[in-house]
Amino acid sequence: MYYEAAEGLARESLDKLQTERLRRVVATCLRSPFYSHRLGELKLTPDDFNSPDDIRKLPFTTKQDLRDNYPYGFLCQPMDQYVRLHASSGTTGTPTAIFYTQNDVDSWAALVARCMYGVGLRKGDVFQNMSGYGLFTGGLGIHYGAERLGCLTVPAGAGNSKRQLKLLSDFHVTGVHIIPSYALYFSGFLKSEGVDPHSLDWRIALIGAEPHTEEARRRIEELLGVKAYNSYGMTELNGPGVAFECQQQAGMHVWEDAYIPEIIDPKTGEHVAEGEVGELVMTTLCREGMPLLRYRTRDLTRFIPGPCACGRTHRRIDRITGRADDMLIIKGCNIYPMQIEQALMSLPEVAHNYLIEIFKEGVMDQLRVKVEIKDDYFVEDMRVLTALQKKIASRLRDEILVTPRVELVQHESIPKSEGKAVRVVDLRDKE
Ligand code: ADP
Ligand code: ZN
């Protein structure tokens, strides 16, 4: 382990550390305009926190709170202490900005380095960051972590597959960070260039920043000839480095010396039973510039019960199934886009990209799934295509309990965005 002392801490010691840090972070928060008001009203002080469980005394913080107090309402330090800001990509509305002091940048880099070490990257590895830079944390966040670990770091940025390939091969890159949807796209690019992925030196890919299924991970591993590890984070909690798979690939360890994770029922706000799915709520324990208390991530997951074979004691969360606000309600059924991905990726005829469209027919909401088909299966015989269409629709029905319209489209005909994949389009006002 990279930080043996921290990553292998026994539960009691972790509890003790979390309690100390919880008290410290509450004290820090009292310096921000937002929290001094919020905690002041409730008359909460650091002395009210004597165990990690006391966290329940705190109110939640929401994305709306961040928006309402944009840009500076959450800052706990004098302005001249800040050296960096990032902003969420705004997938779900107005962006939110997060500010970092030098200590915050340093401790974040250490967390990312820890994740990278955990999947087998070492000083001396050559690491290519194939995700966008700029305000998106997947750029500089991963970059500083890789440098901290001692990797020769190639800041390739997103897109431009030809150049990516040249960098990968010229510098004998051994590890990459790549968004899953781009990884799948890139596998097609390698094929079209006639490049055998096994001829490259890469062996490890960090994949994250967007929801993806186990099926998608297996495809990435097979098609790129690498081991792929799930990386979870969000701008509000620094960016990447919040939770990460270890080499067991059996859930993501949440770094509990830096965060207190909780999983709640989004409706009641109460903790769900151990192992049940709910909304992930996170408290930052080490941030001094802009700590967040009980931040509602809106991401759905569950704690994986029991210890991990790797020996790390920090609790694991399961693959994120989606954001609470990703849920589609069609004909009375609750549907998450990842259920659709899971069904599609289990079919060998299906290529890597798809698009979910919601439209109105009369008063009813309807679902249409555009599915890219691998070239070998995209034949001229209508009967074959119709049978395939039916097969996909029925596989989807088994998963989501609604039969969607299925439209088969040619490989790589769905427009590909450079950043996170757009999986759902709402046409209800447009058709
Ligand atoms: P935005 O919220 O604008 O997309 P972020 O880059 O902060 O900006 O995105 C964070 C979100 O991305 C998370 O809340 C989560 O929904 C998603 N995400 C990040 N990593 C993963 C992952 N490994 N698996 C699933 N979803 C992820
Ligand atoms: Zn582990």
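Modeller: Before we start, buried means under 20% relative accessible area, exposed means over 50%, and partly exposed is in between (1.4 Å probe, protein chains only). This is a predicted model, where local features need pLDDT of at least 70 and side-chain atom pairs count only at pLDDT 80 or more, while totals for chains, interfaces and linings use all residues. Residues are numbered from 1 along each chain as its sequence is written, ligands are numbered from 1 in the order in which they are written, and side-chain values use heavy atoms, leaving out hydrogens and water.

Colleague: Fine. Which residues of helix α9 are buried?

Modeller: In α9 (residues 214-224) they are A216, R217, R219, I220, E221 and L224. Helices here are DSSP runs of H or I, at least four residues, and strands are runs of E, at least two, numbered from the N terminus. The cover over those buried α9 residues includes α8 (180-192) and β7 (227-234).

Colleague: What makes C246, H253, C308 and C310 the protein donors of the zinc ion (ligand 2)?

Modeller: Donors are N, O and S atoms within 2.8 Å of the metal (3.2 Å for Na, K and Ca); water is not among the atoms, so sites may look incomplete. The SG atoms of C246, C308 and C310 and NE2 of H253 lie 2.1 to 2.3 Å from the zinc, so they qualify.

Colleague: And why is the arrangement called tetrahedral?

Modeller: Four donors count as tetrahedral if all angles lie between 85 and 135 degrees. Around this zinc ion they are 104 to 114°, so tetrahedral it is.

Colleague: How do you know whether C246 is buried or exposed?

Modeller: C246 has 3% relative accessibility, so it counts as buried. C310, at 22%, therefore counts as partly exposed.

Notes
Four donors count as tetrahedral if all angles lie between 85 and 135 degrees; four count as square planar and six as octahedral if opposite donors are over 155 degrees apart and all others between 65 and 115; anything else is irregular. Contact means heavy atoms within 4.5 Å.
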